Amino acid sequence: MAELGSKGVTAGKIASNVQKKLTRAQEKVLQKLGKADETKDEQFEQCVQNFNKQLSEGTRLQKDLRTYLASVKAMHEASKKLTECLQEVYEPDWPGRDDTNKIAENNDLLWTDFHQKLVDQALLTMDTYLGQFPDIKSRIAKRGRKLVDYDSARHHFEALQTAKKKDETKIAKAEEELVKAQKVFEEMNVDLQEELPSLWNSRVGFYVNTFQSIAGLEENFHKEMSKLNQNLHDVLLGLDKQYSGNAFPVKAQPSDSTPAKANKSPSPPPDGSPITSPETKTVNHELEPSTLEAPGASIPKSPSQPAEAARAGAEAAGSEAAAGAEASKTEADSGSSSLPAVVVETFPAAVNGTVEGGASSERADMPPGFLFKVQAMHDYTATDTDELQLKAGDVVLVIPFENPEEQDEGWLMGVKESDWIQHKELDQCRGVFPENFTERVQ
């Protein structure tokens with residue numbers, strides 16, 4: 001008996017969902033055709049536009065902040081490698097070795113502290129700020145559906161009142177449904193009318209606090225880093241003074257666009273060796289006959305190498321080159337001739353890391369029209385009979401709407417994977433759910 005009762009409740013829920021979807025679809029069609037008026041609230045629509053703009057800006061800021069943090073992390077690693085290199089090349093007998101090691105250690109700590117404070121004071125605050133948007137977005141979408149229900153109930157009540165043959169029982173019932181639909185809509189509408197402007201105004205203080213934190217952290221970081229760099233400069237200055245006789249002259253490299261200074265003669269070297277000027281150097285572009293031979297055929301002679309050995313080496317190299325050419329020719333000829341038959345074993349094609357045949361069999365177990373899988377990232381409490389109740393971690397099989405006109409922006413149709421495996425019936429299990437509460441997994 002309990003089972004029958006349960007099935008009866010399920011059947012009633014299904015019937016209610018179907019009727020509600022049908023009524024909404026009809027109302028939307030009539031509104032688009034201009035045959036039914038639509039309740040408009042320009043002030044609320046402006047709030048929704050501001051909300052979407054605020055969400056877009058916040059999402060971009062979060063993305064750019066994560067990129068900035070990744071760059072700080074990469075710069076930390078590069079700085080660490082550079083200081084490690086300095087420690088390795090700093091010889092034990094040089095003055096300031098201990099100071100150099102301490103500077104390198106403080107450098108690493110400073111970078112680590114800078115990155116962690118950015119995470120705590122900017123990124124986590126950013127995540128908290130954006131965490132409030134998914135719930136409000138789903139409530140905005142639901143308000144839109146409840147507004148359609150309210151308009152539909154209002155038009156139905158008006159139609160019964162203006163009918164030639166009035167049925168007082170139907171009129172009373174329609175009026176009751178209208179009052180109920182209006183109450184549900186107005187409760188959601190009032191809450192959002194208060195929350196959306198408040199959320200929009202909060203963006204100013206949030207941006208101020210976020211960028212002030214980043215600027216202050218950067219200022220302190222660069223101030224402390226400047227002190228470390230000055231200390232390192234002083235240590236290396238002491239090393240330079242002790243080994244001043246081994247100074248390394250840094251010469252500027254000439255640019256390709258620098259004009260040749262033919263009228264200015266270079267200063268002679270201290271040892272009196274002759275000057276080699278690039279302007280007076282000539283290059284012989286004629287190739288010797290030996291350079292035109294096959295690779296390896298030209299073997300230069302050294303004063304200690306007999307002529308016969310050089311000649312034998314050249315002949316051997318020429319033979320090897322000829323043999324290689326002949327082998328290449330033979331291989332090419334073989335490619336065009338008939339080859340023995342080779343048995344090739346074929347396997348199912350793999351798509352996205354899975355075997356195609358296996359994917360087909362897996363799709364066969366899915367509900368009709370299966371699109372993809374998503375996983376709930378947050379709990380969602382259903383507030384209507386046509387909605388799915390979700391817990392974080394639930395896997396949902398997404399399917400298309402029977403009537404695309406019924407799909408509201410930000411909402412998907414699906415069935416929980418556990419329900420589908422157990423029942424294999426869509427009518428008992430499917431429902432709508434907010435897309436931003438889930439993440440696509442397949």
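Start by selecting Glu 57 and Lys 53 in this predicted model: their side chains meet in a salt bridge, with 2.5 Å from N to O. Both residues sit in helix 2, four residues apart, which is about one turn of the helix. Colour the pair by accessibility and you'll get partly exposed for each, since Glu 57 comes out at 30% relative accessibility and Lys 53 at 42%.

Now jump to another salt bridge, Asp 384 with Lys 146, where the closest N and O atoms are 2.7 Å apart. Asp 384 is in the loop between strand 3 (372–376) and strand 4 (395–399), while Lys 146 belongs to helix 4 (residues 133–162), so this pair ties together parts that are 238 residues apart in sequence. Are these two buried or exposed? Both Asp 384 and Lys 146 are buried.

Stay on helix 4 and pick Arg 154 and Glu 158. Their side chains form a salt bridge too, at 3.8 Å from N to O, and the two residues lie four apart in that helix, about one turn. Here the partners get different labels because Arg 154, at 14% relative accessibility, falls under the 20% cut-off for buried, whereas Glu 158, at 36%, counts as partly exposed. While you're here, add Lys 142, Arg 145, Glu 387 and Asp 408 to the selection: salt bridges with shared partners join these four into one network. Across the structure there are 16 salt bridges. As a general reminder, side chains of opposite charge can pair when their charged atoms come close.

Next, slide along helix 2 (residues 42–89) to His 76. With a relative accessibility of 7%, His 76 counts as buried. What is it in contact with, once neighbours within four places in sequence are left aside? Show Asp 108, Trp 111 and Thr 112, and you have the contacts of His 76.

Then go to Ala 25, in helix 1 (residues 2–32). Ala 25 is buried as well, with a relative accessible area of 7%. Draw a distance from its C-alpha to that of Glu 405: the two atoms are separated by 6.4 Å, although the residues are 380 apart along the chain. Leaving aside neighbours within four places in sequence, Ala 25 is in contact with Asn 403 and Glu 406.

For a surface stop, switch on the molecular surface and select Glu 186, Glu 187, Asp 191 and Glu 194. Together these residues gather in a patch of negative charge. Glu 187 is a handy one to centre on: you'll find it in helix 5 (residues 168–242), and it is partly exposed, with a relative accessible area of 47%.

Finally, zoom out to the whole protein chain. Its secondary structure comes to nine helices and seven strands. How many of the 442 residues count as buried? The share is 27%. The chain exposes about 30300 Å², and carbon and sulfur atoms supply 55% of that area. If you turn on a contact map, look at the pairs with a separation of 6 or more: residues 24 or more positions apart account for 70% of those contacts. For one last look, return to Asp 384 and Lys 146, the buried pair whose salt bridge links a loop to helix 4.

Note on methods. Residues are numbered from 1 along each chain as its sequence is written. This is a predicted model: local features need pLDDT of at least 70, side-chain atom pairs count only at pLDDT 80 or more; totals for chains, interfaces and linings use all residues. Side-chain values use heavy atoms; hydrogens and water are left out. Patches are made of residues with over 30% relative accessible area and no salt bridge: like charges are joined within 9 Å, nonpolar side chains (Val, Leu, Ile, Met, Phe, Trp, Tyr) within 5 Å. Accessible areas come from the Shrake-Rupley method with a 1.4 Å probe; for residues, only the protein chains shown count as cover. Lys and Arg count as positive and Asp and Glu as negative; His and the chain ends are not counted. The place of a charge is taken as NZ of Lys, CZ of Arg, CG of Asp or CD of Glu. Buried means under 20% relative accessible area, exposed over 50%, partly exposed in between (1.4 Å probe, protein chains only). Contact means heavy atoms within 4.5 Å.
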